[in-house]
Amino acid sequence: GRLEAVTQQMGYHPQYLDSFLKMQHYLMHMDGPLPFDCRHYIAIMAAARHQCRYLVNLHVLQFLRAGGDPQWLRGLEFIPPKLRNLNEINKILAHRPWLITKEHIEKLLKISEWSWSLAELVHAVVLLAHCHALASFVFGCGCEQDEGLGGRGSLKATSLGNQCFCEATAGNSCSQELLRINRKRSLDSCMELDSLRERMQRIHVETEGREEMRLLQQDREEGEGQGVEVGVQGGVLYGTPGWLSLLADPDGEVTGATNLACYMQDPDFGYQDFARRDEDQTQVFRVQDYSWEDHGFSLVNRLYSDIGHLLDEKFRMVDGLQSSAMAKRQGCEPSVFKRGIWNYIHCMFGIRYDDYDYAEVNQLLERMLKVYIKTVTCYPEKTNSEMFDRFWKQFKHSEKVHVNLLILEARMQAELLYALQAITQYMI
C-alpha cells in the first residue's frame with residue numbers, strides 16, 4: 001500500500017500522473033518489439049548514465065521478475081553483443097544528443113547476427129530518452145535521497161507490483177489511492193507530503209514486513225545446500241550471490257548497487273555546453289525543419305504502434321497544466337512562462353525556434369532558477385536537496401514539481417527529436 005516517491009511527487013498533478021502511468025505501462029509491460037527483460041536492462045543502462053540508483057534498483061528488481069538472466073547484472077561484459085552495442089547511442093543521447101548521426105543508426109541496423117530492426121531500435125530509443133529524462137525528475141524532486149523508497153537507502157524485498165510505478169495502471173492500487181487522496185485533500189505543503197509518506201510506510205511495514213522477512217530467510221536457508229540461485233518467486237527476491245548488485249541483509253532489506261560503473265562505458269563522457277557557431281549554422285537543430293508534431297510523431301507511431309499517441313498526450317498534458325500562480329509571480333501569462341522554460345531547455349541541447357525571441361528567457365527566468373534548470377537537465381546527478389529548497393522559496397512544492405515535469409518532458413522530446421531525425425535520414 002506504499003506510494004513510491006515518483007508517484008508521490010507527480011501526484012501533485014493527478015491528470016499528468018495518469019498520462020505518465022499509461023505511457024510507462026505501455027512502454028514497459030505491453031506488447032512491443034523488445035522482450036520484457038531487455039526493456040528493463042535498457043532502463044538500467046540509461047539510469048546508470050546519471051548514477052540514478054533509484055531507477056537502477058527498481059529496474060533490477062523488474063528485470064529479475066521478468067525472467068532476466070542474473071548474470072547480466074554483473075555488467076555490460078556479460079550481456080549479448082546486440083544489447084551492448086546500444087551503449088554508444090545511450091551515452092550520446094544522455095549527454096550530447098546533437099552528436100547522433102545516421103551513421104550511428106546504420107551501425108546498429110546493419111545486416112549481421114546482432115543487428116537491430118527499425119521497430120526494435122525505435123522502442124529502445126524511446127526507452128532511453130524516457131529513463132534519461134525520468135532520472136532528471138528523480139534527482140530534481142529529491143527522490144534519489146528518499147530513504148527506503150528506492151533511493152540511496154534501500155528497497156524492501158516486497159511485491160514488485162507495489163514497488164514499481166511501471167505497473168500502477170495494471171491493477172495496482174497505488175495510483176487509485178493517490179488520486180483518491182488528491183481529491184480529498186490538498187498536497188501543497190511538504191509537511192503534508194511527509195505525513196503521507198510516513199503513514200503509507202507504517203502501513204506497509206506493519207502488514208508485510210514480518211512475512212517478507214520470513215519468506216526471505218526461508219529462501220536463504222533452502223538455497224544454502226543447493227548452491228546460489230537468484231530469481232523472483234511470489235514477488236520476493238531470493239538468493240544472495242556475492243557479485244549481484246542487490247544484497248539481502250538479515251533484516252530483510254535489499255540494498256542498492258554500490259557501483260553502477262559496470263552498466264556503462266566511458267563514464268567520463270558528460271554534458272558539454274552546446275556552442276552555437278555563427279559561421280556554422282548546420283549544428284543548430286531548427287524545429288521548423290524537423291518537429292515532433294510534423295515528423296517525429298508519425299515516424300515513431302508507425303514503427304512502434306500507439307506509443308506516439310501516448311507520448312503526444314503526455315507532452316500536451318504537461319503543457320496544459322495550470323501554472324497561473326507561477327506566471328503571476330513572474331508578471332506574465334502562464335503560456336509565456338512555460339514556453340520560456342521549455343525553449344531554454346531545448347536551447348541547451350542546440351534546438352532553436354525561429355519564431356522565439358530568446359531575450360525573453362533572461363527576462364522571465366531569474367538566475368537561481370536557470371542554474372537549477374540547467375543542473376537538473378544536463379547533469380542531474382549533481383542536484384541536491386539544498387538546490388531544490390533554495391530556488392523559488394516563496395513557491396509551493398507543487399509548483400516546483402511542475403517545473404520538474406516541464407524539464408522531464410522537454411528533455412525527453414529533445415532526445416527523441418535528435419534520434420528520430422537520424423533514423424529519418426538513414427531511411428531516406
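In the predicted model, residue D306 lies in the loop that separates α12 (292–303) from α13 (307–320). The phi angle of D306 is near 75 degrees, which is a positive value in a residue other than glycine. D306 counts as partly exposed because its relative accessible area is 40%, a value that falls between the limits of 20% for buried and 50% for exposed residues.

Helix α13 has 14 residues, for which a span of 20 Å is expected at 1.5 Å a residue. The C-alpha atoms at its two ends are 20 Å apart, so the model agrees with the expected span. The buried residues of α13 are I307, G308, L310, L311, D312, K314, F315 and V318. The elements that cover these buried residues include α2 (14–29), α8, α12, α15 (334–348) and α19 (397–427).

One of these covering elements, α8, is a helix of 23 residues (118–140). From its first C-alpha to its last, α8 reaches 33 Å, close to the 33 Å expected at 1.5 Å a residue. Helix α8 is itself mostly covered, with 21 of its 23 residues buried. Just after α8, G142 adopts a positive phi of about 80 degrees.

Two packed helices are described by the angle between their axes and the distance between the axes. For helix α3 (residues 36–48) and α8, the axes come within 9 Å and cross at roughly 45 degrees. Helix α3 is therefore oblique to α8, since the angle lies outside the ranges for roughly parallel (under 35 degrees), roughly perpendicular (65 to 115 degrees) and roughly antiparallel (over 145 degrees). The crossing of α3 past α8 is right-handed. On the α3 side, the contact is made by R39, I42, A43 and A46. On the α8 side, H123, A124, L127, L128, C131 and H132 take part.

Residue N90 belongs to helix α6 (residues 87–95). N90 counts as buried because its relative accessibility is 0%, where the limit for a buried residue is 20%. When neighbours within four places in sequence are left aside, N90 is in contact with M45, A46, R49, L128 and H132. Among these partners, A46 also belongs to the α3 side of the contact between α3 and α8, and L128 and H132 belong to the α8 side.

A second pair of helices involves α19, another of the elements that cover α13. The axes of helix α7 (residues 102–109) and α19 come within 8 Å and cross at roughly 70 degrees. This angle makes α7 roughly perpendicular to α19. In this pair, K102, I105, E106 and L109 of α7 meet A422, I423, Q425 and Y426 of α19.

Helix α15, which also helps to cover α13, contains residue I341. I341 counts as buried because its relative accessible area is 0%. Apart from neighbours within four places in sequence, I341 is in contact with L365, I373, V403 and L406. The C-alpha atoms of I341 and L369 are 9.6 Å apart in space, while the two residues are 28 residues apart in sequence.

Residue D357 lies in the loop between β7 (351–352) and α16 (359–364). With a relative accessible area of 47%, D357 is partly exposed. The C-alpha atom of D357 is separated by 10.0 Å from that of N343, and the two residues are 14 residues apart along the chain.

Another loop, between β5 (253–255) and β6 (285–286), holds D266. The phi angle of D266 is near 55 degrees, again a positive value in a residue other than glycine. D266 is partly exposed because its relative accessibility is 36%.

Over the whole chain, the secondary structure consists of 19 helices and seven strands. The chain has 428 residues, of which 57% count as buried. Among contacts with a separation of 6 or more, 73% are between residues 24 or more positions apart. The chain exposes about 18,000 Å², and carbon and sulfur atoms supply 47% of this area.

Methods. Residues are numbered from 1 along each chain as its sequence is written. This is a predicted model: local features need pLDDT of at least 70, side-chain atom pairs count only at pLDDT 80 or more; totals for chains, interfaces and linings use all residues. Side-chain values use heavy atoms; hydrogens and water are left out. Helices (H or I, at least four residues) and strands (E, at least two) are DSSP runs, numbered from the N terminus. Buried means under 20% relative accessible area, exposed over 50%, partly exposed in between (1.4 Å probe, protein chains only). Contact means heavy atoms within 4.5 Å. Accessible areas come from the Shrake-Rupley method with a 1.4 Å probe; for residues, only the protein chains shown count as cover. The expected span of a helix is 1.5 Å times one less than its number of residues. Axes are lines fitted to C-alpha atoms, for helices over the stretch in contact, and angles run from 0 to 180 degrees between N-to-C directions. A crossing is left-handed if the near helix is turned anticlockwise from the far one by less than a right angle, and right-handed if clockwise.
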